[in-house]
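The exercises below ask you to work through a ligand site and one annotated residue, with a solution after each task.

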Amino acid sequence: MKGDNNMSSDIFKQPLFLHSSESSQAAYRAMMSGAADVLVRHYAGLEQPYSGLGPDVLERLIGNIEVCPEEEGMPMPELLELMGSAVLRNSAIVTDPLCIAHLHCPPLMPALAAEALIAASNQSMDSWDQSMAATLLEEKLIRWLNELLGYGQHADGVFTSGGTQSNFMGIMLARDHYALERWGWNVQQQGLPPEAGRLRLLCSEEAHFSVKQAASLLGLGHQAVVPVKTDARRRMCPLRLEETIARLVSEGLYPFAIVATAGTTDYAAVDPLSAIAEIAARHGIWLHVDAAYGGALALSSQYGGLLDGIGGADSITVDFHKLFFQPISCGAFLLRDKRRFRLLRLTADYLNPEDEEGTGPPNLVVKSVQTTRRFDALKLYMSLKHVGRRQFGELVDRTIRTAKAAAELIRRESCFTLMADPVINTVVFAYRPQLAEGRFAGQSASSGTGLTAADQLNLTIRERLLAEGTGVIARTKSDGRVCLKLTILNPLTGPQHITVLLERIRTIGWELETEIPNGKETVAR
Ligand SMILES: *Cc1c(COP(=O)(O)O)cnc(C)c1O
């Protein structure tokens with residue numbers, strides 16, 4: 001029925017749900033266009049990656065906002081304006097070319113439109129009767145991803161909240177598969193096997209911390225994670241991997257999984273996947289590839305080769321809220337042999353009753369560690385469909401080109417040290433003090449922290465950039481020393497932006513070196 005029914009006009013002061021009534025639809029259109037307007041004015045239109053407000057000032061600002069009024073709610077135009085001026089304006093502006101700290105991407109516009117559809121239709125991916133077409137579209141996309149990454153007919157997968165969850169699933173299935181194959185032990189039913197304390201998983205020293213986290217959540221502890229030495233380019237060394245497996249076996253330990261990384265967080269190193277897959281297969285060890293970051297290289301004609309061999313993995317993590325330019329959160333877990341999803345299957349009479357298994361329509365909950373789950377597949381689908389594969393690959397390539405150009409600019413400057421040639425799109429470097437060690441200001445600040453004066457200088461440079469709002473960049477450590485890191489995930493970032501940023505860093509660095517301690521005065525150059 002069109003037109004307002006009595007219920008909505010009598011009970012509610014204003015339309016609150018989008019439905020068949022014309023007034024609700026008019027209110028929805030007004031809210032969405034109001035939201036778009038605020039977003040453009042208070043976010044996308046800004047010219048710096050951050051407002052520069054420090055935590056104290058911001059805490060007061062946010063602290064002054066009332067949460068839930070007792071009687072009169074705030075009208076939407078006013079509320080949107082408040083969110084724009086207080087929240088959006090003081091957010092990290094991910095679309096700014098110099099918001100380049102983390103694996104944190106600007107989201108594609110087709111995905112933003114998709115988010116509106118996802119939120120409003122609110123499908124839940126756990127059961128067919130909450131997500132009919134959505135279930136089928138997610139499965140279709142999973143098949144496409146499996147093909148993209150070189151998986152065959154028997155593969156399957158599921159969308160996840162991101163790399164942490166996907167890595168957890170891979171390591172969990174590896175553990176449970178191993179216990180079943182080796183000891184006939186069903187972890188889902190029986191809990192950890194008596195030998196659990198001797199289970200080990202291998203990964204490179206540079207693997208993401210979610211691997212350790214998964215080991216601890218899975219009851220194996222950090223002790224279960226055995227780091228394998230990396231080569232000069234920070235990739236897991238296959239020879240060392242072989243040696244480590246042999247050592248573990250000789251010590252009576254049980255190596256049940258290898259986690260290779262395709263794109264490490266700091267240096268974007270891609271482990272030699274083919275060689276590792278061969279070793280894993282030979283030893284009958286589950287190989288999980290964490291391609292949270294690097295998975296998107298599969299779209300690139302230029303860099304796709306870095307993923308050669310990934311199809312040999314038993315399971316794969318891919319994140320879409322990184323180099324696939326999707327709004328947070330969006331990821332997937334892919335499994336080469338779909339039968340292994342049985343290891344985590346659960347049934348509930350109200351959701352996916354046992355008597356419907358295999359006969360009725362699919363209930364995706366059987367493949368997930370989540371129950372209620374968003375239809376995030378839609379935004380990836382709409383992005384791929386709108387952008388097209390070639391252009392998508394070019395977006396990826398462009399970020400890599402910019403990173404390589406940034407590295408060149410850094411290498412040319414005597415006041416910077418480039419830590420490594422970028423593999424893909426991270427650039428790690430440090431400001432090198434121009435005055436001799438012991439000569440420049442602010443050195444006392446570093447005493448007792450284990451930081452050198454140069455370390456302290458780099459930390460302060462990063463803080464200053466954030467406080468000015470002129471650059472949002474990251475810090476990390478390389479061989480124990482503090483470094484600056486650019487993670488260039490924005491196709492709109494070009495060498496011209498990096499040039500401006502580096503100039504600013506050089507200026508701040510010099511000012512800090514020549515600043516008189518306890519004063520703001522600067523000595524002449
Ligand atoms: C980002 C990342 C993760 C964690 O993924 P989330 O989506 O943040 O949970 C895991 N591994 C690698 C290599 C990553 O880059």
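**Exercise 1: polar pairs at the ligand**

In this predicted model, an oxygen atom of the ligand lies 2.9 Å from an N or O atom in the side chain of Lys 322. Taken alone, the ligand exposes 380 Å², of which the protein buries 85%.

Task: Which residues come nearest to the ligand, and at what distances are the side chains of Thr 164 and Asp 290 found?

Solution. Start with the shell, which holds 15 residues, the nearest being Thr 164, Asp 290, Asp 319, His 321 and Lys 322. Next, take the atom pairs: an N or O atom in the Thr 164 side chain is 2.6 Å from a ligand oxygen atom, whereas for Asp 290 the side-chain N or O atom is 2.6 Å from a ligand nitrogen atom. Finally, sort the shell by class, which gives three nonpolar, nine polar and three charged residues, and by element, where helix α7 (residues 163-183) contributes the most, with three residues.

**Exercise 2: the annotated lysine**

Task: Where is Lys 322 found, and is Lys 322 buried or exposed?

Solution. First, locate the residue in the loop between β6 (315-319) and β7 (331-335). Then compare its relative accessible area of 13% with the cut-off, under 20% for buried; Lys 322 is therefore buried. Its contacts, leaving out residues up to four places away in sequence, are Leu 103, Cys 105, Ala 292, Tyr 293 and Leu 489. As a last step, consult the record: an unreviewed UniProt entry annotates Lys 322 as "modified residue: N6-(pyridoxal phosphate)lysine".

Key
Residues numbered from 1 in each chain as written. Predicted model: local features only at pLDDT ≥ 70, side-chain atom pairs only at ≥ 80, totals over all residues. Heavy atoms only, no water. UniProt positions renumbered as here; feature names shortened; annotations may be inferred. Helix = DSSP H or I, 4+ residues; strand = E, 2+ residues; numbered from the N terminus. Buried < 20%, exposed > 50% of the residue type's maximum accessible area, 1.4 Å probe, protein only. Contact = heavy atoms within 4.5 Å. Near = heavy atom within 4 Å. Polar contact = N/O pair within 3.5 Å; in protein donor to acceptor, adjacent residues only side chain to side chain. Areas by Shrake-Rupley, 256 points an atom, 1.4 Å probe, with all protein chains shown as cover. Nonpolar A, V, L, I, M, F, W, Y, C, P; charged D, E, K, R; others polar.
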